[in-house]
Amino acid sequence: MTQDRGLLLVLSGPSGVGKGTVCAALRPRMKELVYSVSATTRAPRAGEIDGVNYFFKTKDEFRAMIENDELLEWAEYVGNFYGTPRQFVEDTLASGRDVILEIEVQGALQVKEKFPEGIFIFLAPPDLKELRSRITGRGTETEESIRNRMMVARAEIELMDHYNYVIVNDEVDKACDRIQAVITAEHLKKERQIAKYRDWIKEVF
Ligand code: 5GP
């Protein structure tokens with residue numbers, strides 16, 4: 001029954017907008033949310049742990065996951081593959097818990113095709129100038145990689161129209177407050193409530 005399934009939340013937006021930071025800040029605040037761990041072919045960064053931050057895969061392993069239909073969505077992003085393990089998401093939703101995916105925009109659009117009832121949140125930068133400084137501010141990217149990331153970001157912003165909500169990441173805490181507000185409101189939607197009341201009426205009368 002629909003009302004017993006968890007919500008599928010998709011947090012997406014341009015590279016460098018702070019999706020990872022916002023998601024990390026959300027964790028201690030929303031412990032009941034289940035955070036999907038993606039598979040990727042990129043190398044682990046310092047401190048990243050296999051199975052916690054990502055499932056780190058070779059390109060062959062990743063291709064096998066695609067062929068075996070193990071991924072809900074996947075995308076090639078700046079030379080590496082990223083994808084969401086499908087079974088985990090489906091099982092978690094079926095158990096009634098909410099799942100959040102933190103993914104780039106090509107993947108978010110694929111999820112929308114498969115789960116149109118998902119809640120799609122676009123995390124937007126306060127302005128493009130700041131976005132550039134955030135991308136370069138990481139200090140880990142080459143000039144070419146920065147240029148690529150900027151081109152990707154511009155196209156991504158035009159994709160906002162496919163989302164249910166746009167949340168500006170001006171301050172991490174405020175962005176988290178807004179995401180929490182969205183989740184609360186989505187749980188209160190009449191479509192999620194009404195079937196429960198119908199069941200209750202059947203029992204009582
Ligand atoms: P990073 O390499 O900085 O961890 O991530 C690069 C980009 O890949 C980020 O925009 C991140 O949101 C995105 N990403 C992480 N996991 C997935 C995934 O499973 N699917 C897709 N499509 N994008 C992902």
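**Exercise 1. How many residue pairs are in polar contact between domain 1 and domain 2?**

Let us start with the ground rules. This is a predicted model, where local features need pLDDT of at least 70 and side-chain atom pairs count only at pLDDT 80 or more, while totals for chains, interfaces and linings use all residues. Residues are numbered from 1 along each chain as its sequence is written, and side-chain values use heavy atoms, with hydrogens and water left out.

Step 1: find the domains. Domain 1 covers 1-33 + 98-205 and domain 2 covers 37-97; such bounds come from an automatic or database domain assignment.

Step 2: fix the term. A polar contact is a pair of N or O atoms within 3.5 Å; within protein, one must be able to donate a hydrogen and the other to accept it, and residues adjacent in sequence count only if both atoms are side-chain atoms.

Step 3: read the count. Between domain 1 and domain 2 there are 5 residue pairs in polar contact, both residues at pLDDT 80 or more. For salt bridges (a side-chain nitrogen of Lys or Arg within 4 Å of a carboxyl oxygen of Asp or Glu), the count between the two domains is 0.

**Exercise 2. Describe how much area the domains bury.**

Step 1: domain 1 and domain 2 bury about 1700 Å² between them, with 61% of it on carbon and sulfur atoms. Buried area is the accessible area (1.4 Å probe) that two parts lose on being put together, summed over both.

Step 2: look at the contributors. Arg5, Val99 and Phe115 supply 23% of the area that domain 1 buries against domain 2, more than any other three residues.

**Exercise 3. Find polar partners of the ligand.**

Step 1: 15 residues surround the ligand (a heavy atom within 4 Å of it), and the closest are Arg42, Tyr54, Tyr82, Glu102 and Glu104.

Step 2: take the ligand's oxygen atoms. One lies 2.6 Å from a polar side-chain atom of Arg42, and for Lys19 the distance from a side-chain N or O atom to a ligand oxygen is 3.0 Å.

Step 3: turn to nitrogen. A nitrogen atom of the ligand is 2.6 Å from a side-chain N or O atom of Glu104.

**Exercise 4. Locate a salt bridge between helices.**

Step 1: the structure holds 11 salt bridges. One of them joins the side chains of Asp177 and Arg29 (2.4 Å, N to O).

Step 2: Asp177 lies in helix α7 (residues 172-188) and Arg29 in helix α1 (residues 19-29), so the pair ties together parts 148 residues apart in sequence. Helices here are DSSP runs (H or I, at least four residues), numbered from the N terminus.

How values were computed: Helix = DSSP H or I, 4+ residues; strand = E, 2+ residues; numbered from the N terminus.
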